Amino acid sequence: DWCETEDECIRVEIGQVLRYLLTGNAEYFRAVPRVYAKKNLPQYRRALSCWEMGRYGSFNGRAAFGPDWLPLSAWAESLFIGLLRWPGCGTREETERTTAQWIAHLNARIKKLKKMRGEATGILFLEQEARLPRRPPSKWERPLRIAIVQSVVPDVEDFKAAGLGDLQLNGAAIRQKHRRHLRLILQGVRKMLEARLSHLRNSTNANLDWLILPELAVHPDDVLPLLLPVVRRYKCIVLAGLVYHPKDVSDPASKLINSALWLIPQWSPEHGLQVSRIEQGKAWLAPGPERSNSAIMGYRPVQWIVRYHWSSNSLYRPLLLSASVCYDATDTGLTHDLRNRNDFFAICALNKDIPTYDNLATTLNYHLFQGVLVVNSGAFGGSNFHAPLKESYERKLIHFHGQAQASIGFAEISPHKFVTRPSKSYKAHSPVGEWKSPPAGWTGPQL
């Protein structure tokens, strides 16, 4: 009844229909409930408000629509917020769109999405913003300090001990061992940052920008109590492999998937610090027990590109970060599609074939012409970070050797070295004097 024009009515009604299609609930404003594995235990749930309060107070972020693997970008969030905004909802919509303008807006996005689909894999590439996670000054730049963490628990023996009936590692004994190990590892990251501060010249900031853990390194129940405090403390991005978990947690018969979770902090004047959760799926199961187990399925609905904003200077585009889970990194179609889309490629692994993955990182960093990080389980070692810099002694930034080694390593990157093209120029080039000559056919990220 508050709609003043027919265009406003159409806008709201289309938003209602689209939200219903995503949630499957005729009460379109209801969020999809977060159902966890321990459904049989009593737990707190918020009281449901009346229909009218829900209608004028619904949350339209991607977390309201279902699991973290949903292929919904920040653009889709802004679409729902724009369609379903009500008077006084506080959105920053500068202008009212007519129905014709909404149609043009959607058609432009569809056109762009077609270009964002990979030629070799057919997979859709979606972008997630990682803006400065604190109140920004008028002029700012931040480096990219990366922490590679080789955790050891769980390893192959832990999965064998748990058996096929507990691939999610929910048993009391392994849960206690796993959580304790992860907690100590994260405490070690804090101590190593303090130690790093003691020897870095001209640095008083023991900060962290990107923390990476191996495949299957974190139980979903440990994300909130252990990983989220690290994100809030350091305002850092976290990429961590999750233990096998159901694709649809509300379905008891749902198959298990193997994925890596991105935790991305962002700050806004309206909402303060918010942490976005997106999952990078794994399409190709590893040869052996994982592939032969009928309870596990490959699932990669989208390939995420995280746009790391590092400078307030509009002439510089964000650094582009992407990741894959272990065996997916051997997908030549994926690496082909990533070649001119990305600046850093992280591989979360639990892999005993160390020589192959060493060679993979050494080869891909030049053919993709970007930084390549392999973060393997400490049960096998072999984590490394290579970049195609000009001098040979500079190209290997990190390399861990030895088995059963819980290790933590750091690399501090100047984004000036890795931004291979200014945002307002379409002329490809590599930073003068910093990198090797690019491989044949390389053009740089297509913005």
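1. Axes are lines fitted to C-alpha atoms, taken for helices over the stretch in contact, and the angles between N-to-C directions run from 0 to 180 degrees. In this predicted model, helix 3 and helix 4 (residues 99–115) pack at an angle of about 170°, and their axes lie 13 Å apart. Angles over 145 degrees count as roughly antiparallel, so helix 3 is roughly antiparallel to helix 4. On the side of helix 3, the contact is formed by Trp 75, Leu 79, Gly 82 and Leu 83. Helix 4 contributes Trp 102, His 105, Leu 106 and Arg 109.

2. Helix 3 (residues 74–83) also packs against helix 1, with an angle of about 135° and an axis separation of 8 Å. This makes helix 1 oblique to helix 3, because the angle falls outside the ranges for roughly parallel, roughly antiparallel and roughly perpendicular. Helix 1 takes part through Arg 11, Val 12, Ile 14, Gly 15, Leu 18, Arg 19 and Leu 22. The partners in helix 3 are Phe 80, Gly 82 and Leu 83. Gly 82 and Leu 83 are thus named in the contact with helix 1 and in the contact with helix 4.

3. Helix 1 (residues 6–23) also holds Tyr 20. Together with Val 17 and Leu 21, Tyr 20 makes a nonpolar surface patch of about 310 Å². The relative accessible area of Tyr 20 is 40%, so the residue is partly exposed.

4. For the chain as a whole, the secondary structure comprises 11 helices and 15 strands. Of the 447 residues, 49% count as buried. The exposed area is about 21900 Å², of which carbon and sulfur atoms supply 54%. Among contacts between residues at least 6 apart in sequence, 67% join residues at least 24 apart.

5. The count of salt bridges comes to 15. One of them joins Arg 175 and Asp 222, with 2.9 Å between the closest N and O atoms. This pair links distant parts of the chain, 47 residues apart. Arg 175 belongs to helix 6 (residues 172–199), whereas Asp 222 sits in the loop between strand 3 (210–212) and helix 7 (223–234). Are the two partners buried or exposed? Arg 175 counts as buried because its relative accessibility is 12%, under the 20% limit. Asp 222 is buried as well, with a relative accessible area of 0%.

6. Helix 6 also contains Glu 194 and Arg 190, which lie 4 residues apart, about one turn of the helix. Their side chains meet in a salt bridge, with an N to O distance of 3.7 Å. Glu 194 counts as partly exposed, at 39% relative accessibility. Arg 190 is partly exposed too, with a relative accessible area of 26%.

7. A further pair within one helix is Lys 160 and Glu 157, both in helix 5 (residues 156–162). They are 3 residues apart, about one turn of the helix, and form a salt bridge in which the closest N and O atoms are 3.8 Å apart. Lys 160 has a relative accessible area of 59% and is therefore exposed, as the limit for that class is over 50%.

8. Which residues are linked in a network of salt bridges? The network consists of Glu 127, Glu 129, Arg 131 and Arg 307. Glu 129 lies in strand 1 (residues 125–130), and with a relative accessible area of 18% it is buried. Leaving aside residues up to four places away in sequence, Glu 129 touches Ile 264, Gln 266, Arg 307 and His 309. Arg 307 is therefore named both among these contacts and in the salt-bridge network, where contact means heavy atoms within 4.5 Å. The C-alpha atoms of Glu 129 and Pro 265 are separated by 9.6 Å, although the two residues are 136 residues apart along the chain.

9. Another approach between positions separated in sequence involves Glu 391 and Trp 435. These are 44 residues apart in sequence and 7.8 Å apart in space, C-alpha to C-alpha. Glu 391 is found in the loop between strand 13 (384–386) and strand 14 (396–399). At 36% relative accessibility, Glu 391 counts as partly exposed.

Notes:
Residues are numbered from 1 along each chain as its sequence is written. This is a predicted model: local features need pLDDT of at least 70, side-chain atom pairs count only at pLDDT 80 or more; totals for chains, interfaces and linings use all residues. Side-chain values use heavy atoms; hydrogens and water are left out. Patches are made of residues with over 30% relative accessible area and no salt bridge: like charges are joined within 9 Å, nonpolar side chains (Val, Leu, Ile, Met, Phe, Trp, Tyr) within 5 Å. Accessible areas come from the Shrake-Rupley method with a 1.4 Å probe; for residues, only the protein chains shown count as cover. A salt bridge is a side-chain nitrogen of Lys or Arg within 4 Å of a carboxyl oxygen of Asp or Glu. Helices (H or I, at least four residues) and strands (E, at least two) are DSSP runs, numbered from the N terminus. Buried means under 20% relative accessible area, exposed over 50%, partly exposed in between (1.4 Å probe, protein chains only). Angles under 35 degrees count as roughly parallel, over 145 as roughly antiparallel, 65 to 115 as roughly perpendicular and the rest as oblique.
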